[in-house]
Amino acid sequence: AHESLLSGHFPAPEDTLQLLAALRLQNIHGDYNKGSLNLQEVYPVSKLRNKILQSTKFNSQTLKRRTSFLEGTLRLGLRTGSVKKQRMEEEQMLEMWLKEELSATRTSIADKWKRLRGMTQQQAMLRYMAIVMEWPGYGSTLFDVE
C-alpha cells in the first residue's frame, strides 16, 4: 500500500496524504525526531511537483487566452532580455515555489507526527491501513501507462 501511495496511484486529499506520512513515520521511528523526517520516504513528492507544474501550465494557458493580440505584441516589443533568459527565470520561480511547498508540507507532516506522540508502532500501522483500505481502489493493481 505504501509503495502505491508514494507512486501517486491512490488519489487522496493533501491532508490525508500528510496524515499517512506522519503515521508511517510514527511506525518506523516512533515519537517525533526532527532528524528522521525524510519526506521522499513517506510522501509522494512527485505528485506535488506535478501539481505545481499543472497549476503553472493552466495559469499560463489562461493568461494567453485573455491577452489580446495587441497586448501580446506590445509586451513582446517592450520585453528586455531573451526568451532563454525568461525560461530560466520561470524555471527558477518553479523551483522556488516547489521548495516553498515542500517546506510547508514538511512542517505540516512534522506537526501531525508530533500529535501522534505515545502511539505504538502497531497502532500507527493499524490506523494507516484503516485509512488506506477506505479508498475505492484498494487491493487493485495499477500500472503506469506510457
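A crossing of two helices is left-handed if the near helix is turned anticlockwise from the far one by less than a right angle, and right-handed if clockwise. The exercises below apply this and related criteria to a predicted model.

**Exercise 1. Overall architecture**

State how many helices and strands the chain has, and what share of its residues is buried.

*Solution.*
- Step 1. The secondary structure comprises 7 helices and 0 strands. Along the sequence the pattern therefore reads α-α-α-α-α-α-α.
- Step 2. Of the 146 residues in the chain, 27% are buried.
- Step 3. Among contacts with a separation of 6 or more, 84% are between residues 24 or more positions apart.

**Exercise 2. The packing of α2 against α7**

Determine the relative orientation and the handedness of the crossing of α2 and α7.

*Solution.*
- Step 1. Two packed helices are described by the angle between their axes and the distance between the axes.
- Step 2. For α2 and α7, the axes come within 8 Å and cross at roughly 155°.
- Step 3. Angles over 145 degrees count as roughly antiparallel; α2 and α7 are therefore roughly antiparallel to each other.
- Step 4. The crossing in which α2 passes α7 is left-handed.
- Step 5. On the α2 side, the contact is formed by Thr-16, Leu-19, Leu-20, Leu-23, Arg-24, Gln-26, Asn-27 and Ile-28. On the α7 side, the contributing residues are Gln-121, Ala-124, Met-125, Arg-127, Tyr-128, Ile-131 and Val-132.

**Exercise 3. The packing of α2 against α6**

Classify the orientation of α2 to α6, give the handedness of their crossing, and list the residues that meet.

*Solution.*
- Step 1. The axes of α2 and α6 come within 8 Å, with a crossing angle of roughly 55°.
- Step 2. This angle makes α2 oblique to α6, since the roughly parallel class requires under 35 degrees and the roughly perpendicular class begins at 65.
- Step 3. Here α2 passes α6 in a right-handed crossing.
- Step 4. Helix α2 contributes Glu-14, Asp-15, Gln-18, Leu-19, Ala-21, Ala-22, Leu-25, Gln-26 and His-29. Their counterparts in α6 are Thr-105, Ser-108, Ile-109, Lys-112 and Trp-113.

**Exercise 4. Gln-18 and Lys-112 in the α2–α6 contact**

Establish whether Gln-18 and Lys-112 are buried or exposed, and identify what each touches beyond its sequence neighbours.

*Solution.*
- Step 1. Gln-18 belongs to helix α2, and Lys-112 to helix α6.
- Step 2. The cut-off for a buried residue is under 20% relative accessible area. Gln-18, at 7%, is buried; Lys-112, at 11%, is buried as well.
- Step 3. With neighbours within four places in sequence left aside, Gln-18 is in contact with Tyr-43, Thr-105, Ser-108, Ile-109 and Lys-112.
- Step 4. Under the corresponding exclusion, Lys-112 touches Asp-15, Gln-18, Leu-19 and Ala-22.
- Step 5. The C-alpha atoms of Lys-112 and Ala-22 are 5.9 Å apart, although 90 residues separate the two in sequence. For Gln-18 and Trp-113, 95 residues apart along the chain, the C-alpha separation is 9.2 Å.
- Step 6. Thr-107, also found in helix α6, is partly exposed at a relative accessible area of 45%. Its C-alpha atom lies 10.0 Å from that of Gln-18, across a sequence separation of 89 residues.

**Exercise 5. The aromatic pair**

Determine which geometry the rings of Tyr-32 and Trp-113 adopt, and where the two residues lie in the chain.

*Solution.*
- Step 1. The structure holds 1 aromatic pair. The ring centres of Tyr-32 and Trp-113 are 5.2 Å apart and the planes stand at 80°, so the pair is edge-to-face; the cut-off for this class is over 60 degrees.
- Step 2. The pair links distant parts of the chain, its members being 81 residues apart. Tyr-32 is in the loop between α2 (14–29) and α3 (39–42), whereas Trp-113 is in helix α6 (residues 83–114).
- Step 3. Tyr-32 is partly exposed at 25% relative accessibility, while Trp-113 is buried at 0%.
- Step 4. The ring of Tyr-32 also has the charged end of Lys-114 sitting over it, 5.0 Å from the ring centre.

**Exercise 6. The segment after α7**

Locate Thr-141, classify its accessibility, and give its C-alpha distance to Ser-4.

*Solution.*
- Step 1. Thr-141 is in the segment after α7 (121–133).
- Step 2. A relative accessibility of 60% makes Thr-141 exposed, the cut-off being over 50%.
- Step 3. Thr-141 and Ser-4 are 137 residues apart in sequence, and their C-alpha atoms are 9.0 Å apart in space.

Definitions and conventions: Residues are numbered from 1 along each chain as its sequence is written. This is a predicted model: local features need pLDDT of at least 70, side-chain atom pairs count only at pLDDT 80 or more; totals for chains, interfaces and linings use all residues. Side-chain values use heavy atoms; hydrogens and water are left out. Rings of Phe, Tyr and Trp (its six-membered ring) pair if their centres lie within 6.5 Å; planes under 30 degrees apart count as stacked, over 60 as edge-to-face and the rest as tilted. Helices (H or I, at least four residues) and strands (E, at least two) are DSSP runs, numbered from the N terminus. Buried means under 20% relative accessible area, exposed over 50%, partly exposed in between (1.4 Å probe, protein chains only). A charge sits over a ring if NZ of Lys or CZ of Arg is within 6 Å of the ring centre and within 35 degrees of the ring normal. Axes are lines fitted to C-alpha atoms, for helices over the stretch in contact, and angles run from 0 to 180 degrees between N-to-C directions. Angles under 35 degrees count as roughly parallel, over 145 as roughly antiparallel, 65 to 115 as roughly perpendicular and the rest as oblique. Contact means heavy atoms within 4.5 Å.
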